[in-house]
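Reader: Could you take one part of this model and go through it closely, residue by residue? I would like to know what lies where, and how the labels for the residues follow from the values.

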Amino acid sequence: MTRETNKILIVKPLIGQIVTTRRTIMEFIWDIQASVTHNTVYLISKGLVGEWDYLRLLSVCARLYYLSKLVYRDKAGVKKLSAAQYRKQIFDSHAETQDEINAILHKMYKEHSDERLNDDNTDLVGRCLMIIEKLWCTSIACAYEQIYIPELAYAFEYVVKRRGELPEPVFRGASSLFPDNYENYNYSEGIAEYFEDVMGSIF
């Protein structure tokens with residue numbers, strides 16, 4: 001790494017990062033965007049109430065984890081997309097408006113649940129989704145540190161437990177994976193610890 005005008009220029013990928021092309025990263029996003037967005041919206045509404053819900057969240061976080069490992073190289077060094085670009089491509093293309101969120105909920109409940117959709121919680125879903133996507137996209141955009149599946153799951157759990165009633169997340173800089181302004185943001189606890197155990201028993 002070298003420093004230029006107080007910015008860190010990454011000349012080598014981190015261990016575990018996969019160097020590819022920007023186009024390949026975009027193609028991977030196009031492959032996962034619907035699944036990630038639809039399942040996230042559904043899980044915010046339904047909650048983590050059974051084994052299949054945890055597996056669904058694990059699947060979402062695994063896709064985002066793999067995406068976070070993909071980098072590309074240009075004249076400026078090793079790079080990722082910006083958090084805003086991830087957010088636009090993954091979430092805004094499917095759930096930018098409340099009407100789009102409502103359409104996803106009705107589709108997912110019809111296909112995957114015997115429960116009746118509570119229309120009163122659609123505002124809750126939009127509020128939580130706005131915070132979750134900012135946490136997720138900022139962390140996967142970080143080229144200086146690596147985010148992991150349990151930490152992504154913890155972000156989801158943290159926001160949903162608080163019903164999305166949180167301020168905008170604030171990150172201290174480009175090398176930060178976690179928000180500075182959230183109290184008791186213990187990203188190795190709760191569902192993160194559970195996922196660590198589950199993944200340890202599988203792998």
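Author: What follows is a walk along one stretch of this predicted model, from helix α6 through the loop after it and into helix α7, with a look at some parts of the chain outside it.

Helix α6 covers residues 149-161. I149 has a C-alpha atom 5.9 Å from that of Y65, although the two residues are 84 apart in sequence. Y65 belongs to helix α2, which runs over residues 51-69. With a relative accessible area of 21%, Y65 is partly exposed, because the buried class takes only values under 20%.

Further along α6 there is a salt bridge between K161 and E157, with 3.8 Å from N to O. Both residues lie in this helix, four residues apart, which is about one turn of the helix. Which of the two is buried, and which is exposed? E157 has a relative accessible area of 15% and is therefore buried, while K161 has 61% and is therefore exposed. The cut-offs behind these words are under 20% for buried and over 50% for exposed.

After α6 comes the loop that leads to α7. R163 lies in this loop. The phi angle of R163 is positive, about 55 degrees, although the residue is not a glycine. Most residues other than glycine have a negative phi. R163 has a relative accessible area of 44%, so it counts as partly exposed. N184 is found in the loop between α6 and α7 as well. This residue, too, has a positive phi of about 55 degrees and is not a glycine. As for its surface, N184 has 56% relative accessibility, so it counts as exposed. The reason is that exposed means over 50%.

The loop also holds one end of a salt bridge. E168 pairs with K134, and the closest N and O atoms are 2.4 Å apart. This pair links distant parts of the chain: E168 is in the loop between α6 and α7, K134 is in helix α5, and 34 residues separate them. K134 is buried, because its relative accessibility is 16%, whereas E168 is partly exposed, because its value is 43%.

Helix α5 covers residues 122-141, and T122 lies in it. T122 is buried, because its relative accessibility is 10%. Its C-alpha atom is separated by 7.8 Å from that of Q98, a residue 24 positions away along the chain.

Back at the loop, how far apart in space are E168 and Y194? Their C-alpha atoms are 27 Å apart, with the two positions 26 residues apart in sequence. Y194 has its place in helix α7, and this residue is partly exposed, because its relative accessible area is 42%.

Helix α7 runs over residues 191-202. E196 is found in this helix. Its relative accessible area is 48%, so E196 is partly exposed; a value over 50% would be needed for exposed. E196 gathers with E189, E193 and D197 in a patch of negative charge on the surface. Why can E196 be part of such a patch while only partly exposed? Membership asks for over 30% relative accessible area and no salt bridge, and the 48% of E196 therefore passes the cut-off for area.

Two salt bridges have come up so far, the one between K161 and E157 and the one between K134 and E168. The structure holds eight salt bridges. Another of them joins D53 to K46, where the closest N and O atoms are 2.8 Å apart. Both of these residues are buried.

One buried residue elsewhere in the chain makes contacts with the backbone. Q17 sits in the loop between β2 (7-9) and β3 (18-20), and this residue is buried, because its relative accessible area is 10%. A polar atom of the side chain of Q17 lies 2.8 Å from the backbone nitrogen of L14. The side chain of Q17 also reaches the backbone oxygen of A143, at 3.5 Å.

Methods
Residues numbered from 1 in each chain as written. Predicted model: local features only at pLDDT ≥ 70, side-chain atom pairs only at ≥ 80, totals over all residues. Heavy atoms only, no water. Patch = residues over 30% accessible without salt bridge, like charges linked within 9 Å, V, L, I, M, F, W, Y side chains within 5 Å. Areas by Shrake-Rupley, 256 points an atom, 1.4 Å probe, with all protein chains shown as cover. Salt bridge = Lys/Arg side-chain N within 4 Å of Asp/Glu carboxyl O. Lys, Arg positive; Asp, Glu negative; His and termini not counted. Charge placed at Lys NZ, Arg CZ, Asp CG, Glu CD. Helix = DSSP H or I, 4+ residues; strand = E, 2+ residues; numbered from the N terminus. Buried < 20%, exposed > 50% of the residue type's maximum accessible area, 1.4 Å probe, protein only. Polar contact = N/O pair within 3.5 Å; in protein donor to acceptor, adjacent residues only side chain to side chain.
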